[in-house]
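I set out to look through one model and to note what I looked up, entry by entry. The entries are kept brief.

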Amino acid sequence: MASDLQMSPQLEQIHGEIRDNFRALANGFQRLDKMKDSNRQSKQLEELTGRMRECKRLIKDLDREIKDEEARNPPEVNKQLNDEKQSMIKELNSYVALRKTYMTSNKKVELFDMGGASEPTADENVQMASAMSNQELIGAGKKTMDETDQAIERSKMVVEQTIEVGTQTAVTLKGQTDQMGRIVNELDTIQFSIKKASQLVKEIGRQVATDKCIMLFLFLIVCGVIAIIIVKIVNPNNKDIRDIPGLAPPAPARRLLSIPEDHRTF
(Lines give C-alpha, C1' and ligand atoms only; values in the text may rest on other atoms or scores of the structure.)
Protein backbone atom coordinates (compact mmCIF):
# COMPACT_ATOMS: atom_id res chain seq x y z
CA MET A 1 0.00 0.00 0.00
CA ALA A 2 2.85 2.40 0.85
CA SER A 3 4.24 2.17 -2.70
CA ASP A 4 0.88 3.30 -4.16
CA LEU A 5 0.61 6.35 -1.91
CA GLN A 6 1.13 9.81 -3.35
CA MET A 7 3.47 11.56 -0.92
CA SER A 8 5.50 14.70 -0.83
CA PRO A 9 9.28 14.35 -0.37
CA GLN A 10 8.94 15.27 3.32
CA LEU A 11 6.26 12.62 3.89
CA GLU A 12 8.29 10.00 2.03
CA GLN A 13 11.31 10.67 4.22
CA ILE A 14 9.33 10.39 7.47
CA HIS A 15 7.50 7.29 6.19
CA GLY A 16 10.80 5.62 5.28
CA GLU A 17 12.31 6.36 8.70
CA ILE A 18 9.29 4.84 10.44
CA ARG A 19 9.51 1.68 8.30
CA ASP A 20 13.24 1.39 9.04
CA ASN A 21 12.53 1.59 12.78
CA PHE A 22 9.80 -1.05 12.47
CA ARG A 23 12.23 -3.42 10.74
CA ALA A 24 14.79 -2.79 13.49
CA LEU A 25 12.12 -3.52 16.15
CA ALA A 26 11.13 -6.78 14.47
CA ASN A 27 14.76 -7.93 14.28
CA GLY A 28 15.41 -6.79 17.84
CA PHE A 29 12.53 -8.82 19.28
CA GLN A 30 13.66 -11.86 17.28
CA ARG A 31 17.13 -11.57 18.85
CA LEU A 32 15.49 -11.05 22.25
CA ASP A 33 13.80 -14.45 21.99
CA LYS A 34 17.20 -16.11 21.64
CA MET A 35 18.77 -14.34 24.64
CA LYS A 36 18.93 -16.21 27.95
CA ASP A 37 20.85 -13.69 30.04
CA SER A 38 18.47 -11.31 31.84
CA ASN A 39 21.00 -8.45 31.77
CA ARG A 40 21.35 -8.69 28.00
CA GLN A 41 17.57 -8.86 27.68
CA SER A 42 17.20 -5.70 29.78
CA LYS A 43 19.71 -3.82 27.61
CA GLN A 44 17.98 -5.04 24.46
CA LEU A 45 14.60 -3.92 25.84
CA GLU A 46 16.00 -0.47 26.61
CA GLU A 47 17.25 -0.18 23.04
CA LEU A 48 13.91 -1.31 21.65
CA THR A 49 12.10 1.15 23.93
CA GLY A 50 14.19 3.96 22.46
CA ARG A 51 13.24 2.78 18.97
CA MET A 52 9.55 2.85 19.92
CA ARG A 53 9.86 6.38 21.28
CA GLU A 54 11.46 7.45 18.02
CA CYS A 55 8.62 5.80 16.06
CA LYS A 56 6.06 7.65 18.17
CA ARG A 57 7.78 10.98 17.48
CA LEU A 58 7.99 10.25 13.76
CA ILE A 59 4.30 9.26 13.60
CA LYS A 60 3.41 12.60 15.21
CA ASP A 61 5.54 14.39 12.60
CA LEU A 62 3.80 12.35 9.89
CA ASP A 63 0.39 13.35 11.26
CA ARG A 64 1.34 17.04 11.23
CA GLU A 65 2.59 16.84 7.66
CA ILE A 66 -0.61 15.07 6.57
CA LYS A 67 -2.73 17.80 8.15
CA ASP A 68 -0.60 20.53 6.56
CA GLU A 69 -1.01 18.98 3.09
CA GLU A 70 -4.66 18.00 3.55
CA ALA A 71 -5.95 21.08 1.74
CA ARG A 72 -3.71 20.42 -1.27
CA ASN A 73 -4.43 16.70 -1.66
CA PRO A 74 -7.56 15.06 -3.10
CA PRO A 75 -9.90 13.38 -0.57
CA GLU A 76 -8.93 9.85 -1.66
CA VAL A 77 -5.22 10.61 -1.12
CA ASN A 78 -5.95 12.02 2.35
CA LYS A 79 -7.92 8.87 3.18
CA GLN A 80 -5.06 6.61 2.07
CA LEU A 81 -2.53 8.62 4.08
CA ASN A 82 -4.71 8.49 7.21
CA ASP A 83 -5.23 4.74 6.77
CA GLU A 84 -1.47 4.27 6.49
CA LYS A 85 -0.97 6.34 9.63
CA GLN A 86 -3.53 4.24 11.56
CA SER A 87 -1.81 1.07 10.33
CA MET A 88 1.52 2.35 11.66
CA ILE A 89 -0.06 3.23 15.02
CA LYS A 90 -1.47 -0.31 15.31
CA GLU A 91 1.89 -1.82 14.43
CA LEU A 92 3.63 0.35 17.03
CA ASN A 93 1.03 -0.64 19.65
CA SER A 94 1.72 -4.30 18.91
CA TYR A 95 5.42 -3.76 19.64
CA VAL A 96 4.52 -1.87 22.84
CA ALA A 97 2.35 -4.81 23.98
CA LEU A 98 5.17 -7.23 23.12
CA ARG A 99 7.60 -5.15 25.19
CA LYS A 100 5.21 -5.24 28.17
CA THR A 101 5.08 -9.03 27.87
CA TYR A 102 8.88 -9.29 28.05
CA MET A 103 9.03 -6.78 30.92
CA THR A 104 6.49 -8.85 32.88
CA SER A 105 8.42 -12.05 32.28
CA ASN A 106 11.64 -10.38 33.42
CA LYS A 107 9.97 -9.24 36.64
CA LYS A 108 8.82 -12.76 37.35
CA VAL A 109 12.40 -13.97 36.97
CA GLU A 110 13.60 -11.27 39.37
CA LEU A 111 11.23 -12.54 42.08
CA PHE A 112 13.42 -15.62 42.37
CA ASP A 113 16.66 -13.62 42.29
CA MET A 114 18.16 -13.89 45.81
CA GLY A 115 19.60 -10.43 46.40
CA GLY A 116 21.39 -10.31 43.06
CA ALA A 117 23.27 -13.55 43.78
CA SER A 118 23.79 -16.17 41.14
CA GLU A 119 20.78 -18.33 40.36
CA PRO A 120 20.83 -21.46 42.55
CA THR A 121 21.13 -24.78 40.84
CA ALA A 122 18.48 -27.49 40.97
CA ASP A 123 20.45 -29.43 43.59
CA GLU A 124 20.73 -26.36 45.83
CA ASN A 125 16.97 -25.78 45.55
CA VAL A 126 16.33 -29.39 46.56
CA GLN A 127 18.68 -29.07 49.52
CA MET A 128 17.04 -25.80 50.65
CA ALA A 129 13.54 -27.29 50.36
CA SER A 130 14.56 -30.48 52.15
CA ALA A 131 16.09 -28.47 54.98
CA MET A 132 12.76 -26.65 55.57
CA SER A 133 9.80 -28.14 57.36
CA ASN A 134 6.33 -28.25 55.87
CA GLN A 135 5.24 -25.35 58.07
CA GLU A 136 8.18 -23.27 56.92
CA LEU A 137 7.43 -24.11 53.29
CA ILE A 138 3.79 -23.07 53.78
CA GLY A 139 4.89 -19.87 55.52
CA ALA A 140 7.33 -19.03 52.73
CA GLY A 141 4.63 -19.69 50.15
CA LYS A 142 2.14 -17.46 51.99
CA LYS A 143 4.75 -14.73 52.32
CA THR A 144 5.45 -14.86 48.60
CA MET A 145 1.72 -14.76 47.84
CA ASP A 146 1.24 -11.81 50.21
CA GLU A 147 4.07 -9.93 48.55
CA THR A 148 2.57 -10.71 45.16
CA ASP A 149 -0.87 -9.51 46.32
CA GLN A 150 0.67 -6.31 47.68
CA ALA A 151 2.45 -5.73 44.39
CA ILE A 152 -0.83 -6.26 42.54
CA GLU A 153 -2.64 -3.84 44.86
CA ARG A 154 0.06 -1.23 44.32
CA SER A 155 -0.30 -1.70 40.58
CA LYS A 156 -4.07 -1.28 40.89
CA MET A 157 -3.61 1.92 42.89
CA VAL A 158 -1.23 3.27 40.25
CA VAL A 159 -3.72 2.41 37.51
CA GLU A 160 -6.60 4.06 39.42
CA GLN A 161 -4.53 7.16 40.06
CA THR A 162 -3.57 7.28 36.41
CA ILE A 163 -7.22 6.96 35.37
CA GLU A 164 -8.22 9.67 37.84
CA VAL A 165 -5.51 12.02 36.60
CA GLY A 166 -6.53 11.30 33.02
CA THR A 167 -10.18 12.02 33.84
CA GLN A 168 -9.30 15.27 35.56
CA THR A 169 -7.09 16.26 32.66
CA ALA A 170 -9.90 15.50 30.20
CA VAL A 171 -12.36 17.59 32.25
CA THR A 172 -9.86 20.44 32.45
CA LEU A 173 -9.22 20.30 28.72
CA LYS A 174 -12.96 20.25 28.01
CA GLY A 175 -13.47 23.27 30.25
CA GLN A 176 -10.62 25.12 28.56
CA THR A 177 -12.03 24.20 25.14
CA ASP A 178 -15.48 25.53 26.12
CA GLN A 179 -13.89 28.68 27.51
CA MET A 180 -11.95 29.20 24.29
CA GLY A 181 -15.17 28.73 22.33
CA ARG A 182 -16.91 31.38 24.44
CA ILE A 183 -13.98 33.76 24.00
CA VAL A 184 -14.09 33.28 20.23
CA ASN A 185 -17.85 33.97 20.21
CA GLU A 186 -17.36 37.10 22.30
CA LEU A 187 -14.60 38.29 19.98
CA ASP A 188 -16.91 37.76 17.00
CA THR A 189 -19.63 39.76 18.77
CA ILE A 190 -17.20 42.56 19.60
CA GLN A 191 -15.93 42.65 16.03
CA PHE A 192 -19.51 42.85 14.72
CA SER A 193 -20.32 45.65 17.20
CA ILE A 194 -17.21 47.56 16.14
CA LYS A 195 -18.22 47.28 12.47
CA LYS A 196 -21.74 48.51 13.23
CA ALA A 197 -20.37 51.37 15.33
CA SER A 198 -17.99 52.36 12.51
CA GLN A 199 -20.85 52.40 10.01
CA LEU A 200 -22.98 54.46 12.42
CA VAL A 201 -20.18 56.97 12.97
CA LYS A 202 -19.74 57.32 9.21
CA GLU A 203 -23.49 57.87 8.75
CA ILE A 204 -23.55 60.45 11.56
CA GLY A 205 -20.57 62.20 10.01
CA ARG A 206 -22.31 62.39 6.64
CA GLN A 207 -25.49 63.71 8.30
CA VAL A 208 -23.54 66.36 10.22
CA ALA A 209 -21.75 67.44 7.04
CA THR A 210 -25.08 67.65 5.21
CA ASP A 211 -26.66 69.67 8.05
CA LYS A 212 -23.72 72.06 8.08
CA CYS A 213 -24.04 72.60 4.34
CA ILE A 214 -27.79 73.25 4.66
CA MET A 215 -27.26 75.67 7.57
CA LEU A 216 -24.55 77.51 5.63
CA PHE A 217 -26.82 77.76 2.59
CA LEU A 218 -29.69 79.09 4.75
CA PHE A 219 -27.33 81.54 6.41
CA LEU A 220 -26.23 82.84 3.02
CA ILE A 221 -29.87 83.20 1.92
CA VAL A 222 -30.77 85.11 5.08
CA CYS A 223 -27.72 87.35 4.67
CA GLY A 224 -28.72 88.01 1.05
CA VAL A 225 -32.28 88.88 2.00
CA ILE A 226 -31.09 91.19 4.77
CA ALA A 227 -28.70 92.88 2.36
CA ILE A 228 -31.45 93.37 -0.21
CA ILE A 229 -33.76 94.85 2.46
CA ILE A 230 -31.08 97.24 3.62
CA VAL A 231 -30.30 98.33 0.07
CA LYS A 232 -34.00 98.72 -0.70
CA ILE A 233 -34.51 100.90 2.36
CA VAL A 234 -31.46 103.03 1.68
CA ASN A 235 -32.11 103.43 -2.06
CA PRO A 236 -35.80 102.75 -2.73
CA ASN A 237 -35.68 104.13 -6.31
CA ASN A 238 -33.09 101.61 -7.42
CA LYS A 239 -34.74 99.74 -10.23
CA ASP A 240 -32.00 97.11 -10.46
CA ILE A 241 -33.28 95.47 -7.30
CA ARG A 242 -36.54 93.64 -7.63
CA ASP A 243 -39.19 93.97 -4.96
CA ILE A 244 -39.05 91.31 -2.32
CA PRO A 245 -42.27 89.28 -2.19
CA GLY A 246 -44.24 90.11 0.93
CA LEU A 247 -42.48 93.42 1.42
CA ALA A 248 -44.56 96.51 0.54
CA PRO A 249 -42.97 98.83 -1.99
CA PRO A 250 -41.84 102.18 -0.63
CA ALA A 251 -44.49 104.87 -0.56
CA PRO A 252 -44.11 107.49 -3.32
CA ALA A 253 -43.04 110.96 -2.28
CA ARG A 254 -46.05 113.15 -1.54
CA ARG A 255 -46.16 116.30 -3.67
CA LEU A 256 -48.19 119.36 -2.63
CA LEU A 257 -50.41 120.83 -5.28
CA SER A 258 -50.07 124.61 -5.71
CA ILE A 259 -53.36 126.35 -6.38
CA PRO A 260 -53.21 129.51 -8.45
CA GLU A 261 -54.33 132.66 -6.70
CA ASP A 262 -57.25 133.27 -9.17
CA HIS A 263 -58.79 129.98 -8.09
CA ARG A 264 -58.44 130.62 -4.45
CA THR A 265 -61.74 131.13 -2.80
CA PHE A 266 -62.21 133.07 0.30
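The entries below go from the overall fold to aromatic pairs, salt bridges and surface patches.

**Entry 1: overall.** I note that this is a predicted model. I looked up the secondary structure and found five helices and zero strands. Read from the N terminus, the order of elements is α-α-α-α-α. I then looked up burial: 15% of the 266 residues count as buried.

**Entry 2: aromatic pairs.** I looked up ring contacts, and the count is two aromatic pairs. In one of them, the ring centres of Phe22 and Tyr95 are 5.9 Å apart and the planes stand at 40°, so I recorded this pair as tilted. Phe22 belongs to helix α1 (residues 9-34) and Tyr95 to helix α3 (residues 75-111), so the contact ties together parts 73 residues apart in sequence. Both Phe22 and Tyr95 are buried.

The pair of Phe29 and Tyr95 also has its ring centres 5.9 Å apart, but the planes are at 5°, so I recorded it as stacked. Here too distant parts of the chain are linked, with Phe29 in helix α1 and Tyr95 in helix α3, 66 residues apart. I checked the accessibilities: Phe29 has 4% and counts as buried, and Tyr95 has 12% and likewise counts as buried. Phe22, Phe29 and Tyr95 thus make up one aromatic cluster.

**Entry 3: salt bridges.** Side chains of opposite charge can pair when their charged atoms come close. I looked up such pairs, and the count is ten salt bridges.

I took Asp20 and Arg23 as one example; their side chains meet at 2.2 Å, N to O. Both residues lie in helix α1, three residues apart, about one turn of the helix. Asp20 is partly exposed at 42% relative accessibility, and Arg23 is partly exposed at 49%.

I next looked up Asp63 and Lys67, which form a salt bridge with the closest N and O atoms 3.4 Å apart. These two lie in helix α2, four residues apart, about one turn of the helix. Is Asp63 buried or exposed? With 18% relative accessibility, Asp63 falls under the 20% cut-off and therefore counts as buried. Its partner Lys67 is exposed, with a relative accessible area of 54%.

In helix α3, Asp83 and Lys79 are four residues apart, about one turn of the helix, and their side chains form a salt bridge at 3.2 Å, N to O. Asp83 is partly exposed at 35%, whereas Lys79 is exposed at 54%. I also noted a network in which salt bridges with shared partners join Glu54, Arg57, Asp61 and Arg64.

**Entry 4: a position in helix α2.** I looked up Arg53, which lies in helix α2 (residues 38-68) and is exposed at 58% relative accessible area. The C-alpha atoms of Arg53 and Val96 are 10.0 Å apart in space, while the two residues are 43 apart in sequence.

**Entry 5: surface patches.** I looked up a negative surface patch and found that it is formed by Asp146, Glu147, Asp149, Glu153, Glu160 and Glu164. Of these I checked Glu164, which sits in helix α5 (residues 134-234) and is partly exposed at 45% relative accessibility. I also recorded a nonpolar surface patch of about 480 Å², made by Met180, Ile183, Leu187, Ile190 and Ile194. Ile194 is in helix α5.

Note on methods: Residues numbered from 1 in each chain as written. Predicted model: local features only at pLDDT ≥ 70, side-chain atom pairs only at ≥ 80, totals over all residues. Heavy atoms only, no water. Phe/Tyr/Trp six-rings, centres within 6.5 Å; stacked < 30°, edge-to-face > 60°. Buried < 20%, exposed > 50% of the residue type's maximum accessible area, 1.4 Å probe, protein only. Patch = residues over 30% accessible without salt bridge, like charges linked within 9 Å, V, L, I, M, F, W, Y side chains within 5 Å. Areas by Shrake-Rupley, 256 points an atom, 1.4 Å probe, with all protein chains shown as cover. Salt bridge = Lys/Arg side-chain N within 4 Å of Asp/Glu carboxyl O. Lys, Arg positive; Asp, Glu negative; His and termini not counted. Charge placed at Lys NZ, Arg CZ, Asp CG, Glu CD.
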